[in-house]
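Open the structure in your viewer and keep a selection box at hand. The tour below goes from one selection to the next and says what is there.

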Amino acid sequence: MPDKICGCSPESLRVSPGKIVAVVTMNGQHDLTMPELICEACQATWTAGVDDLNRSYFWLATLQFATLYATDVFFSFEEMKMAAPGLSCQAFLRMLNQPTVRFGRTGKISTDSFLKSFFEWEAVRFEVDNICKEEPFNCPACTPDMLAVSVDGNRKHYRFKNAARSEEQAIFEGVFIAKDEDVKRFVDHIHNTTKH
């Protein structure tokens, strides 16, 4: 949380409970409230945004902040999949649900929500690594030339083209990678204001 949200004295800030969210950590699911800061002097308010949550190592599952995943859950799932490729997502989530039940909490982690969030997190990490020129590992079968290929029949292109899917609003639009229009506008500005 920020130390100050306005020009008033820090003593005038009060923390109050905000929106109720489900937070999934390696200790299961917790129903918590997001903090809200309110300045009693000028009535200014602050609530956490996407960038605040990402800096605190949380990943949003929905635009409405209904579910948050601690990124250590994703790291653990990724590491377990590398160590035991046969591990299913349902088995991992059953393991995560055990502490929830053992400590008397309620709620079940949605497999669809978890997988969608995990794949979004992986895709963003991949793009950031590409932008930063980070090479996570070199695969002997793929480097320098592809030697082996494994095709999954369930991932054929025609299934995605024919699937009835709604266009969803991007959760992290403009946070990690600039929009194409903004980049084009910036490039045009540079070309128009410099002499070649």
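**Stop 1: a charged network**

Select Glu 78, Glu 122 and Arg 125, which are linked in a network of salt bridges. Bear in mind throughout that this is a predicted model. Within the network, Glu 78 forms a salt bridge with Arg 125, and the closest N and O atoms are 3.2 Å apart. Glu 78 lies in helix 2 and Arg 125 in helix 4, so this pair ties together parts that are 47 residues apart in sequence. Switch on the surface next: Glu 78 is partly exposed at 21% relative accessibility, and Arg 125 is partly exposed at 27%.

**Stop 2: other salt bridges**

How many salt bridges are there by this rule? The count comes to six.

Select Arg 14 and Glu 40, whose side chains meet in a salt bridge at 3.5 Å, N to O. Arg 14 is in strand 1 (residues 13-25), while Glu 40 is in the loop between strand 2 (28-39) and strand 3 (45-47). The two are 26 residues apart, and the pair links distant parts of the chain. Arg 14 counts as partly exposed, at 39% relative accessibility; Glu 40 is also partly exposed, with a relative accessible area of 47%.

Now go to Asp 52 and Arg 55, where the side chains meet in a salt bridge at 3.0 Å, N to O. Both residues are in helix 1 (residues 50-55), and because they are three residues apart, about one helical turn separates them. Is Arg 55 buried or exposed? Arg 55 is exposed, with a relative accessible area of 55%.

**Stop 3: the largest nonpolar core**

Hide the charged side chains and turn to the nonpolar ones. The largest nonpolar core has 18 residues. To find it, select Tyr 69, Phe 74, Phe 92, Leu 93, Leu 96, Ile 109 and Phe 114, the residues with the most contacts inside this core. Colour the chain by element: strand 5 (67-70), helix 2 (71-83), helix 3 (89-102) and helix 4 (111-131) each supply at least two residues of the core.

Centre the view on Tyr 69. Beyond its neighbours within four places in sequence, Tyr 69 is in contact with a list of residues that includes Val 24, Tyr 57, Phe 58, Trp 59 and Ala 61. Phe 74, Ile 109, Ser 113, Phe 114 and Ser 117 are among the other contacts of Tyr 69.

Then centre on Ile 109, in the loop between helix 3 and helix 4. Ile 109 has a relative accessible area of 4% and is buried. With neighbours within four places in sequence left aside, Ile 109 is in contact with Val 24, Gln 29, Tyr 69, Leu 93, Leu 96, Asn 97 and Phe 114. Put a distance label between the C-alpha atoms of Ile 109 and Gln 29: they are 7.2 Å apart in space, although the residues are 80 apart in sequence.

**Stop 4: aromatic rings**

Show rings for Tyr 69, Phe 74, Phe 75, Phe 77, Phe 92, Phe 114, Phe 118, Phe 119 and Trp 121, which form one aromatic cluster. The structure holds 13 aromatic pairs. Two of them are worth a stop.

Zoom in on Phe 77 and Phe 92, a tilted pair with 5.0 Å centre to centre and 50 degrees between the planes. Phe 77 is in helix 2 and Phe 92 in helix 3, 15 residues apart, so that is a link between distant parts of the chain. Phe 77 is buried at 4% relative accessible area, and Phe 92 is buried at 1%.

Move on to Phe 118 and Trp 121, which form a tilted pair too, 6.0 Å centre to centre with 35 degrees between the planes. Both lie in helix 4, three residues apart, about one turn of the helix. Phe 118 is buried, with a relative accessible area of 7%, and Trp 121 counts as buried at 4%.

**Stop 5: a nonpolar surface patch**

Return to the surface view and select Val 128, Ile 131, Val 175, Phe 176 and Ile 177. These residues make a nonpolar surface patch of about 400 Å². Ile 177 is found in the loop between helix 5 (157-162) and helix 6 (180-193). Ile 177 is partly exposed, with a relative accessible area of 43%.

Conventions. Residues are numbered from 1 along each chain as its sequence is written. This is a predicted model: local features need pLDDT of at least 70, side-chain atom pairs count only at pLDDT 80 or more; totals for chains, interfaces and linings use all residues. Side-chain values use heavy atoms; hydrogens and water are left out. A nonpolar core is a set of buried Ala, Val, Leu, Ile, Met, Phe, Trp, Tyr and Cys residues joined through side-chain atoms within 4.5 Å. Buried means under 20% relative accessible area, exposed over 50%, partly exposed in between (1.4 Å probe, protein chains only). Helices (H or I, at least four residues) and strands (E, at least two) are DSSP runs, numbered from the N terminus. Contact means heavy atoms within 4.5 Å. Patches are made of residues with over 30% relative accessible area and no salt bridge: like charges are joined within 9 Å, nonpolar side chains (Val, Leu, Ile, Met, Phe, Trp, Tyr) within 5 Å. Accessible areas come from the Shrake-Rupley method with a 1.4 Å probe; for residues, only the protein chains shown count as cover. A salt bridge is a side-chain nitrogen of Lys or Arg within 4 Å of a carboxyl oxygen of Asp or Glu. Rings of Phe, Tyr and Trp (its six-membered ring) pair if their centres lie within 6.5 Å; planes under 30 degrees apart count as stacked, over 60 as edge-to-face and the rest as tilted.
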